[in-house]
Amino acid sequence: MSIILGIDVGGSGVKGAPVDLETGELVADRLRIPTPKKSTPANVADVIGKIIEHFTPVIGDSPVGLTIPAPVVHGSVPFIANLDQEWAGLQADRFFEERLGRRISLVNDADAAGLAEVHFGAAKGNDGLVILTTLGTGIGAAIIYRGVLVPNAELGHLELDGHDAESRAASSIKEKEGLSYEEWTAKRLNPYYQHVEMLFSPDLFVVGGGVSKDWDKFGDLFELKTPIVPATMRNRAGIVGAALFTKDAIEHPDHHSEQVGA
């Protein structure tokens, strides 16, 4: 099965496209529908259903991959920040399968982005320990070792200077506090990445999130032993990663929602 529909559920929009998993390319234009203001699972499922219907001529009755901005533990959502609180505690894979009438695989959005970068993006060909971080409203993270995902790493919540790291180093904080790229990197990002580097000794850091498009403004300011590069998959990352996760869930059902192999 080389074409799978990936859908990226975010706080502001739900985006989907069929993915050719041989190349990582989208085989049709992305469809984006705004996330419902009341973003309950039922309301979001209605939007997902419209995206599935739109692409059914391409994908038939094949399984669908979904990213959500929350941990996913054995198909369940333990807590949620950027969608309605009705998601918390939901056995989401079962809910969506019953609602949408097809097999659904759920994965954390940062984990999906990490898979996409390792298979097709900035970390392609790296067989070591890769840590992807997404700098945005908060800090998302994915840990991939030899192509295998270690799911639900919440490295944005490490302690930094007595605070939750993302409350000090996320790009939203840079904007909120009016920090220059130099100040943000020297006072916030370097201490954060140095701490993660000390804990994990990774082979490569990949930095995603919208701010990565400004890499030339801060990418050479890091003081790390570990190479650090910008993500390259951009707004395809969640969609492609969701499709990759689903392919693996089909091929390795015993490991579904636990670990993902290359």
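The following questions and answers go through a predicted model, from its sheet to its largest pocket.

Biologist: In what order do the strands of the open sheet of five strands stand?
Modeller: The pairing in this open sheet is mixed. The twist averages 25° from one strand to the next. The order of the five strands is β9-β8-β7-β12-β13.

Biologist: Which strands stand at the edges, each with a single partner strand?
Modeller: An edge strand has a single partner, so one side of it is left without a neighbour in the sheet. The strands in that position are β9 (148-150) and β13 (228-230).

Biologist: Over how many bridges do β7 and β8 pair?
Modeller: Strands of a sheet pair through backbone hydrogen bonds, either parallel or antiparallel. For β7 and β8 the sense is antiparallel, and Ile 131 stands opposite Ile 143 in β8. The number of bridges between β7 and β8 is seven.

Biologist: Which helix packs on the sheet and touches β7, β8, β12 and β13?
Modeller: Helix α3 lies across β7, β8, β9 and β12 (204-208), at about 45° to β8. The helix asked for has a direction that makes about 150° with that of β7. It spans residues 181-200 and is α6.

Biologist: Is Leu 189 buried or exposed?
Modeller: Leu 189 is found in helix α6. Leaving aside residues up to four places away in sequence, Leu 189 touches Leu 135, Ala 169, Trp 184, Phe 218 and Phe 222. Its relative accessibility is 0%, so Leu 189 counts as buried.

Biologist: How far apart in space are Leu 189 and Glu 223, C-alpha to C-alpha?
Modeller: In sequence, Leu 189 and Glu 223 are 34 residues apart. In space, C-alpha to C-alpha, the distance is 9.7 Å.

Biologist: Which residues point one way from β6, and which the other way?
Modeller: In a regular strand the side chains alternate between the two faces of the sheet. In β6 (residues 104-108), Ser 105 and Val 107 point one way, and five of its five residues are buried. Pointing the other way are Ile 104, Leu 106 and Asn 108.

Biologist: Which residue stands opposite Leu 106 in β6?
Modeller: Strand β5 (residues 64-68) runs parallel to β6, and five bridges join the two. The residue opposite Leu 106 is Leu 66.

Biologist: What is the relative accessible area of Asp 84?
Modeller: Asp 84 lies in the loop between β5 and α2 (92-100). Not counting residues up to four places away in sequence, Asp 84 touches Lys 38, Ser 39 and Thr 40. Buried means under 20%. Asp 84 is buried, and its relative accessible area is 19%.

Biologist: How far apart in space are Pro 36 and Asp 84, C-alpha to C-alpha?
Modeller: Pro 36 has its place in the loop between β4 (31-34) and α1 (41-59). Its contacts, not counting residues up to four places away in sequence, are Asn 43, Val 44 and Val 47. Pro 36 and Asp 84 are 48 residues apart in sequence, while their C-alpha distance in space is 9.9 Å.

Biologist: Which element supplies the largest share of the lining of the largest pocket?
Modeller: About 1200 Å³ of space lies in this pocket, and 45 residues line it, with Pro 69, Asp 109, Thr 134, Gly 136 and Thr 137 nearest its centre. By class, the lining has 17 nonpolar, 19 polar and nine charged residues. Elements that each supply at least two lining residues include β1 (3-9), β2 (13-20) and α7 (237-251). The largest share, four residues, comes from α3.

How values were computed. Residues numbered from 1 in each chain as written. Predicted model: local features only at pLDDT ≥ 70, side-chain atom pairs only at ≥ 80, totals over all residues. Heavy atoms only, no water. 1 Å grid on protein atoms, 1.4 Å probe; cavity = no way out; pocket = protein on both sides within 12 Å on 5 of 7 lines; lining within 4 Å. Points joined across faces, edges and corners; volume = space filled by probe spheres on them. Nonpolar A, V, L, I, M, F, W, Y, C, P; charged D, E, K, R; others polar. Pairing = 2+ DSSP bridges. Axes fitted to C-alpha atoms, helices over the stretch in contact; angles between N-to-C directions. Contact = heavy atoms within 4.5 Å. Buried < 20%, exposed > 50% of the residue type's maximum accessible area, 1.4 Å probe, protein only.
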